[in-house]
2 protein chains.
Amino acid sequence: MQKSDYLPHIAYDSVILGFSGKDLKILIMEYHNTGLFALPGGFVKKNETLDDEVRRGLEERTGIKNIYLEQFHTFGDLARYQPEVMEAILKANNKDTKTLQWLLDRFISVAYYALINYDDVVPRPDALSDSCQWYPVKKLPKLILDHKIIVEKAIQTLRDNLDRKSVGGNLLPEKFTMKELQHVHEAILGTKLRRTSFQRKILAADVLKRYEKRFSGKAHKAPYLYSFKKS
Amino acid sequence: MQKSDYLPHIAYDSVILGFSGKDLKILIMEYHNTGLFALPGGFVKKNETLDDEVRRGLEERTGIKNIYLEQFHTFGDLARYQPEVMEAILKANNKDTKTLQWLLDRFISVAYYALINYDDVVPRPDALSDSCQWYPVKKLPKLILDHKIIVEKAIQTLRDNLDRKSVGGNLLPEKFTMKELQHVHEAILGTKLRRTSFQRKILAADVLKRYEKRFSGKAHKAPYLYSFKKS
DNA sequence: CATTATTGTCTCATTTTGTAACAATAATAA
DNA sequence: TTATTATTGTTACAAAATGAGACAATAATG
């Protein structure tokens, strides 16, 4: 964490989204001995492309390669400059606030959202954090700085992109049922969808490949499995 | 242009869009004695919110207050780091490359697009530039660094936002005809639209207020004037 | 073999959109 | 004054997309 290795004043934050049960969930970090919760983030190396840096940080934290990643906004308000927050975190970790003084400066943060298959992830806390854990979008703990606003903007952007990009495929396992895909859409939109209309629309879009059925052991007709066609 | 006043490594670029005739146009700067063309941009003061800084820079350059402004992407590739370009600009202007050394560093640029009424603008070159002039989107000169990519992404974003945000109102005078609004949409989408469908859709959206007719002096029925309702 | 829950598909009504037709009208020319 | 011309606002009808429900198929259970 040498100051000289990184671009000063520039950070990134990532809203890592997963889907489990019927809920959208986000990976949130908790810093050692502080009770402070935050989005996973990092800094940009002087000789590294921004997108690559974010992707690398994400792979380290989730253990997943080839993550679906999308930049959605850059946050640069003065109001997000609260050095006392970072100072509290460094102190609680017995870090030398002299050599890490640069972390107390004002930062402009480029925010990304990532879509991953919940079951693939083994969240790994970093040196400063106790835990890196899934929280349902609707039951987030209080977050530091403007991280709540960042989460809200991420979800709004995801909603706007839902019909244009194959969002569902990245939040589910390789093969999934139509109902599972519908639940993903419902979680993102925050509304119920009509089963038959949804099915017709998705099939008409011609983006799915159909496989064998999946037998759940329940007393009813078994649904087909689908995957997204490789584009 | 004191180094100490600005955040290092952070810049902004603005794609300033206007509409004239039947074309989308963009304000492009030309640097003194270099033949180099670029998007208008600037740097972020240490104690200024990013959005405010961009807005201020834009108002200075166009003479317009309350500009419609939207951030759309942040560009952070290593490939955009070409110190020789900025060095050429500084030398051609007889600037001291010692005290302005920081301008030769790598910059991450936050890009915005602005929509303005073409007729309201009196473009003003800044200290480093010969001219600040309108160019049709389809006939841009060769631009420095990744500025061409920035322009393309701006237009793509504008296209995606066309139905959600009242784009047309910001590119036209206060009052305009239905045909003028249609031309704006066509220029942004790059396609022809059907007159009656367009009119029906816009009117159904219930965002326009209708005024008196405008008599052009031509031998045919005069169109109504409209403005966007204040929301 | 009847029952149950869920699925895939079909049907029909409703809404939206594509396309063309038509009447209204502002200037010009006869 | 009256036809002519170009363009506009609106209506009409066909085609496509969507909403809402019906229905048969089917995987397990009792």
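**Entry 1: the two chains**

I began by laying chain B on chain A, and in this predicted model the fit has an RMSD of 0.0 Å after a turn of 180° and a shift of 0.0 Å along the axis. I noted that the two copies are thus related as by a two-fold rotation axis. I then looked up the contact residues, and found that the same surface serves both copies, since 100% of the contact residues of chain B recur in chain A.

**Entry 2: two helices of chain B**

Next I turned to helix α5 (residues 178–189) of chain B and helix α6 (residues 195–205) of chain B, whose axes come within 11 Å and cross at roughly 100°. Angles of 65 to 115 degrees count as roughly perpendicular, and α5(B) and α6(B) are therefore roughly perpendicular to each other. On the α5(B) side I listed M178(B), L181(B), Q182(B) and H185(B) as making the contact, and on the α6(B) side R195(B), F198(B), Q199(B) and I202(B). Sorting the residues of this contact between α5(B) and α6(B), I wrote down four nonpolar, three polar and one charged.

**Entry 3: the surroundings of DNA strand C**

Which residues are the closest to DNA strand C? I found 21 residues surrounding the strand, and the closest of them are H220(A), K221(A), Y224(A), A219(B) and K221(B). I also checked which helices take part: α5 (178–189) and α6 (195–205) of chain A, together with α6 of chain B, each supply at least two residues of the surface near DNA strand C. The largest share, three residues, comes from α6(B). By kind, I recorded that the residues of this surface near DNA strand C divide into seven nonpolar, seven polar and seven charged.

Note on methods. Residues numbered from 1 in each chain as written. Chains lettered and ligands numbered in written order. Predicted model: local features only at pLDDT ≥ 70, side-chain atom pairs only at ≥ 80, totals over all residues. Axes fitted to C-alpha atoms, helices over the stretch in contact; angles between N-to-C directions. Helix = DSSP H or I, 4+ residues; strand = E, 2+ residues; numbered from the N terminus. Parallel < 35°, antiparallel > 145°, perpendicular 65-115°, else oblique. Contact = placed C-beta atoms within 7 Å. Nonpolar A, V, L, I, M, F, W, Y, C, P; charged D, E, K, R; others polar. Least-squares fit on C-alpha atoms with pLDDT ≥ 70 in both. Near = placed C-beta within 6 Å.
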